[in-house]
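Colleague: Could we go through this model together? I would like to hear the reasoning behind the labels you use.

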Amino acid sequence: MNKFQTVFAGIVLLMSFFVQGGEVNSSAELSTPAAWLKAQPKPEFRTGHTLPPLTRYGWDMDDAVRVSLAEDWGYALEFGIVSDETVARALNEPNSREARRLALVHSDPKRFRLSVESNRKLPKETTPDVWTRNKEGKFLNAKARSFDGNEWHPEMETVFSLVSPDAFWRSAANLSAEPIQKLRARCPVTIVLNGGEYGIGVAGFAQKVWAQDPDILKAKGEKSWPDFVSERKAYYQGLMTQAERAAAPDRLLYIYYTAGGGTHRNVIPDWGDWSYTWETFKGNSDLPSNEAYFRHFNSGFTGDRDILTLCLNAAAREIAGGKPLSYNWLSAGWEGEPGHSHADIARWTGFLKCYYTAGMIGGIEGYYQYLGKDGFSKPFPSNNPPHWLQQLTALAHVHALFSHAEDFLRQGDLLPGPDKNRFSKELPACELPTGDKDVRVLVRKHKNRAEWLVTAWAAGGNSREVKVSVPELGDMNVTARINGAVYQAIRVGEMVVLTRLD
C-alpha cells in the first residue's frame with residue numbers, strides 16, 4: 001500500500017469503531033470530542049503542500065477541539081468573531097480564551113494558522129437616506145433578526161436603501177475592519193471569513209419594499225430587479241471588503257458567504273431573486289464560494305436537484321469566468337428543521353471527492369442545529385461520535401487525500417464532458433456519462449503531462465463498475481465506490497493503467 005492508498009485507511013477503521021450493524025455498543029466508554037479526535041487515525045497530508053487550511057463556521061466550540069483540529073486535522077485555529085470586545089480580551093486579558101489562541105499562534109505560526117470571522121456591526125447613527133422610504137418620505141418596515149451572536153443594527157426592521165450614501169457603508173467598513181487590523185498588528189491572520197447576510201438583502205426579500213421608493217425606482221431604470229440589486233449589493237459590500245482585506249493584507253484567503261457561480265442558477269424560475277449575480281459580485285471573495293448543505297434546497301445525493309449537479313452548475317460558470325478553483329461552505333446536514341437530515345458519512349465523503357476533483361481546494365465546515373449551550377462539548381459513547389464531529393474529520397481526510405493530488409488541482413483542467421448541465425444548458429455538465437444516473441465520474445487532465453485524475457462515485461449507494469470514455473485517454477472500466485474512488489490514469493500502449501490513490 002503506497003502513501004496515497006493509506007490516506008483513507010484510517011477513516012475506514014474509524015467507521016468500524018462505531019458502525020456495527022447499525023447498532024451502538026451501549027457499554028462503550030464515554031468520550032469528549034477532543035479526546036475522541038486524539039484517539040482517531042490522523043489524516044496524512046503531503047509534506048509541503050500549499051492547500052489552504054480548512055475552517056469551521058457555527059456555534060461555539062471548546063478550545064480543546066479547536067486546538068486538536070489545528071494540530072492534526074488540517075484546520076486553521078478558530079478565533080471566532082473579531083469585535084472590539086473579543087480583540088480587547090485577546091490583547092489585554094492573558095487568561096482569556098482569545099489570548100490563549102493568540103499565544104498558540106505565536107508559539108508555532110506554521111502549525112497554528114488563525115482564522116477569524118468579521119463582525120456584522122453597523123453604525124447606530126444614521127440619516128434618513130440610509131433607509132427605504134415611500135413617496136411621502138415614511139420609513140418602510142420588514143423583518144430581520146439575528147440569533148448568531150453578531151450585533152445587528154437596532155433599526156433592522158427597516159430596509160436599507162439601494163441608493164443609500166457611501167458614507168454609511170464606509171463607517172460600517174471601519175467597524176468590521178478596525179478590530180481585524182488591531183488583531184493583525186499582534187498576530188498573523190491567515191483566513192478571514194465574512195458570513196454575509198447583512199446590509200443589503202436580496203430581491204426576493206425586499207423588492208416589494210424597494211419598489212415603493214421613488215429614488216430607488218429612478219436609479220433602477222430599465223434594469224431587472226435581480227441585476228440592479230446585485231449591482232448595488234456588490235458595490236456597497238465592495239467598500240467593506242476593501243477595508244477588511246486591507247486590515248489583513250498578508251492573509252491567505254478572504255471568503256464571503258456566498259460569492260460563487262450560483263448553485264441554483266436556472267434551477268427555479270426566480271432563482272435570481274434569492275442570490276447575487278456572480279459576474280457582478282465575484283470581486284468580494286478571493287475565491288468563488290458556494291453553499292453545499294445536504295438536503296438544504298437540494299434533493300440530497302440523488303434526485304431531480306441533487307447536490308453535485310447543483311455544485312457543478314456553479315463550477316462550470318466559475319471555470320468559464322476564469323476562476324477554476326473554489327473554497328466552499330459545506331455541511332453534511334443537520335437535524336431539527338423540517339426536511340433536514342444527516343447525510344451518510346461514506347456517501348458524503350464520495351461527494352467531497354467529486355467536489356475537490358471539480359476544483360475545490362478547501363472549505364468551511366458548518367453544523368447549524370443548535371445543540372444547547374454545551375452541545376458541542378457533551379461526552380458521548382466513544383463508538384458513536386456525534387454527526388457534527390464526523391463531518392469535521394471526513395472533510396479533513398478528503399483534504400489530506402487531495403494534498404497529494406494538488407498538482408492536478410492547480411495544474412489541471414476539469415473535463416467538460418459531452419453533455420450540458422441539466423439546469424444551465426449553455427454550460428457543460430463537467431462530468432462524463434456512465435449510463436447510470438446514480439454513478440458520477442469526474443476527470444481532470446494535467447496541463448503538462450499525459451495524466452488524468454479520475455473520481456468515480458456511487459451516489460446511489462451501491463458500489464459498481466461502469467465504463468467511461470475519456471478524450472485522449474480512451475475507454476476504461478472503473479469501480480465507482482460509495483465513498484468515492486480516486487484514480488490516477490495513464491495510457492501505456494493500448495492499455496489504460498489506473499492507480500488507486502485512496
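Colleague: What makes you call F351 buried?

Modeller: Happy to explain, and please keep in mind that this is a predicted model. F351 has a relative accessible area of 0%, and the cut-off for buried is under 20%, so F351 is buried.

Colleague: And why is Y355 called buried?

Modeller: Its relative accessible area is 2%, again set against a limit of under 20%. Y355 therefore counts as buried.

Colleague: Why is the ring pair of F351 and Y355 called tilted?

Modeller: The planes of F351 and Y355 stand at 45° and the ring centres are 5.7 Å apart. Pairing asks for centres within 6.5 Å, and tilted covers planes that are neither under 30 degrees nor over 60, so this pair is tilted. Both residues lie in helix α12, 4 residues apart, about one turn of the helix.

Colleague: How do you know that the length of α12 agrees with its number of residues?

Modeller: Helix α12 covers residues 345-357, and its 13 residues should span 18 Å at 1.5 Å a residue. The end C-alpha atoms are 18 Å apart, which agrees.

Colleague: What makes you say that α12 is largely enclosed by the rest of the structure?

Modeller: Of its 13 residues, 12 are buried, so that description follows. Among the buried ones are W348, K353 and Y356. At the start of the helix, a side-chain oxygen of D344 comes within 3.3 Å of the backbone nitrogen of A346. Just after α12, G359 has a positive phi of about 125°.

Colleague: Which residues touch the most other members of the largest nonpolar core?

Modeller: Those are W348, F351 and F402, in a core of 66 residues. Helix α13 (residues 387-403) gives the largest share of this core, 8 residues. Beyond its neighbours within four places in sequence, F402 contacts residues including K353, Y356 and T357.

Colleague: Why is W59 called partly exposed, and why is Y370 called exposed?

Modeller: W59 has a relative accessible area of 26%, which falls between the limits of 20% and 50%, so W59 is partly exposed. Y370 has 52%; exposed means over 50%, so Y370 is exposed.

Colleague: What is the geometry of the aromatic pair of W59 and Y370?

Modeller: The pair is tilted, at 4.7 Å centre to centre with 55° between the planes. W59 sits in the loop between β2 and α3, and Y370 in the loop between β9 and β10, so the pair ties together parts that are 311 residues apart in sequence.

Definitions and conventions:
Residues are numbered from 1 along each chain as its sequence is written. This is a predicted model: local features need pLDDT of at least 70, side-chain atom pairs count only at pLDDT 80 or more; totals for chains, interfaces and linings use all residues. Side-chain values use heavy atoms; hydrogens and water are left out. Helices (H or I, at least four residues) and strands (E, at least two) are DSSP runs, numbered from the N terminus. The expected span of a helix is 1.5 Å times one less than its number of residues. Buried means under 20% relative accessible area, exposed over 50%, partly exposed in between (1.4 Å probe, protein chains only). A polar contact is a pair of N or O atoms within 3.5 Å; within protein, one must be able to donate a hydrogen and the other to accept it, and residues adjacent in sequence count only if both atoms are side-chain atoms. A nonpolar core is a set of buried Ala, Val, Leu, Ile, Met, Phe, Trp, Tyr and Cys residues joined through side-chain atoms within 4.5 Å. Contact means heavy atoms within 4.5 Å. Rings of Phe, Tyr and Trp (its six-membered ring) pair if their centres lie within 6.5 Å; planes under 30 degrees apart count as stacked, over 60 as edge-to-face and the rest as tilted.
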